[in-house]
Amino acid sequence: MPKITRYETHDVRFPTSLTGDGTDAMNTDCDYSSAYVTIYTDSDLVGHGMTFTIGRGNDIVCATIKEVTYRLIGKEVEDLFADMGTTWDYLTADPQLRWIGPEKGVIHIATGAVNNALWDMFARLRRKPLWKLIVDFTPEEFVRATTFRYISDAITKEEALELLKAKESSKKEREAKVREFGYPAYVTSAGWLGYSDDKIARLTKEAIAQGFNHFKMKVGADQADDLRRGKLIRSIIDDPQYLCKDAPRRDPTSSDLKGKNAGPTGSVLMIDANQVWDVQQAVDYVKGLEEIKPWFIEEPTAPDDILGHAAVRKALKPYGIGVATGEHAHNRMVFKQLLQAEAIDVCQIDSCRLAGVTEVLSVLLMAAKFGVIVCPHAGGVGLCEYVIHLSLIDYICVSGNMERNVLEYVDHLHEHFVAPCSINSNGRYNVPSNPDEGYSIEMKKDSIAEYEWPNGSYWAGRRNGPQ
Ligand SMILES: [Mg+2]
């Protein structure tokens, strides 16, 4: 039985701030970065994991990953995999490290990288992509793989079992369907705040031609400017002349699009403020954007302000605008309260702000119980590679629905991964199918050598080049 022997981390940073990629009202110069870990065993078996940051501080996460991974040295992998819920409890319960959390901030996202690396290793050992490993679990195995600590007032293990058992007999049909059609996606990369109108128009037209019908725009720096950019995007996505000729026509009144303020071509616009406002400011600002008919406002205020989100949602309901959040919700208890307080229309889990797959599974179960759809956060670097697995798990064995869901897609930096995610001609994610790709997060060795901070060839070259 393989045993964990060592690990290494890499601080990998990509110079995305040079092109304005990832810019929004809060994050104005992002260098998309990966705090990357590889866990080795005394056999050929390895596990890769990472968490995402936007530049400075990535080294702090790498240092923390080392502290967390250290506790796995000498462990038999089959013992860890037999009960991933208990393994997760062990990782988060270091009696000294937990003081610098618990379950929030750097320590938690570092734990996410480590937990994800273990899941990657587990999937590689069973020779299945991660999503397939988990959807083939029995309901009992699924429940054993997650954590219920602090959330049993919202969902018990028994309720989770019942929910999973109800979906068990139809899993095969859903798996076949999503393999054939792909998983619905939406585009964010047309609407970054730092892009010119010409670039927004060009990228929006390209996205329509690729088959997308959900588009997200960043807002929050200037209301008049947002209104102008929103009208520009609406003028393109609502105009049938730009539609992909071969794409099926969409009915804006269909159940898939109901409540999403879809335009005449069935296109949907979402807006994202990345936490810039106080609660009343959020309400006033978004009311002023009613004309561009967004489906939801994402992250209108501080990510920890559960009752604030509930207040924004209540105030915007008469305008037909919903609320989405979650990419900065730092643990399952925040999601529990967002659901209990009826604060969100859309639950946006993040694959590595939550402490890895184990904690994500608990949020998928709660969202299904509360009847809130899950549309994971992605983009950055590596997040799209991760989240397609999570949405497949949600669809095939937890919620059973995908047609109202959309998974974020941003076309940046996929070329650095050994098994990059991909989109089909209808603007949907393809299903990862290589039995050896694990959680699809293995980064190419050349990319690490080039972009490792501060001594990779790219960064060393910039330091040594003409100023
Ligand atoms: Mg966002």
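**Entry 1: S399**

I started with S399, which sits in the loop between α15 (383-398) and β11 (407-409). I note here that the model is predicted.

Is S399 buried or exposed? I counted 23 other C-beta atoms within 10 Å, and 20 or more count as buried, so S399 is buried.

Next I asked which residues S399 is in contact with, leaving aside its neighbours within four places in sequence. I found A368, V374 and D394.

I also looked up the pair S399 and L163. They are 236 residues apart in sequence. In space, I get 8.7 Å from C-alpha to C-alpha.

**Entry 2: the sheet**

I turned to an open sheet of three strands. Its order is β1-β2-β3, and the pairing is antiparallel. I marked β1 (4-13) and β3 (46-53) as the edge strands, since each pairs on one side only. From one strand to the next, the twist averages 15°.

How many bridges join β2 to β3? I found eight, with β2 covering residues 33-41 and the two strands running antiparallel. Within this pair, I placed V37 opposite G49 in β3.

I then checked what packs on the sheet. Helix α4, residues 105-126, does, and it touches β2 and β3. The direction of α4 makes about 150° with that of β3.

**Entry 3: two domains**

I looked up the domain assignment of the chain. Domain 1 is given as 3-129 + 447-464, and domain 2 as 171-429. I took their centres over C-alpha atoms and found 26 Å between them.

How many residues does each domain bring to the contact? I have 32 from domain 1 and 31 from domain 2.

I followed the domain 1 side further. β2, β3, α3 (84-92) and α4 each supply at least two residues to the side that touches domain 2. Which element gives the most? It is α4, with eight residues. So I met β2, β3 and α4 twice: α4 packs on the sheet by touching β2 and β3, and these elements also supply residues to the side facing domain 2.

I sorted the residues of that domain 1 side by type. The split is 12 nonpolar, 16 polar and four charged.

**Entry 4: the UniProt record**

I checked UniProt last. An unreviewed entry places the feature "domain: Mandelate racemase/muconate lactonizing enzyme C-terminal" at residues 197-319. In the model, I find the end C-alpha atoms of residues 197-319 lying 27 Å apart. I noted this span as 39% helix and 12% strand.

Definitions and conventions:
Residues numbered from 1 in each chain as written. Predicted model: local features only at pLDDT ≥ 70, side-chain atom pairs only at ≥ 80, totals over all residues. Helix = DSSP H or I, 4+ residues; strand = E, 2+ residues; numbered from the N terminus. Axes fitted to C-alpha atoms, helices over the stretch in contact; angles between N-to-C directions. Contact = placed C-beta atoms within 7 Å. Domains from an automatic or database assignment. Nonpolar A, V, L, I, M, F, W, Y, C, P; charged D, E, K, R; others polar. UniProt positions renumbered as here; feature names shortened; annotations may be inferred. Buried ≥ 20, exposed ≤ 12 C-beta atoms within 10 Å, placed from the backbone.
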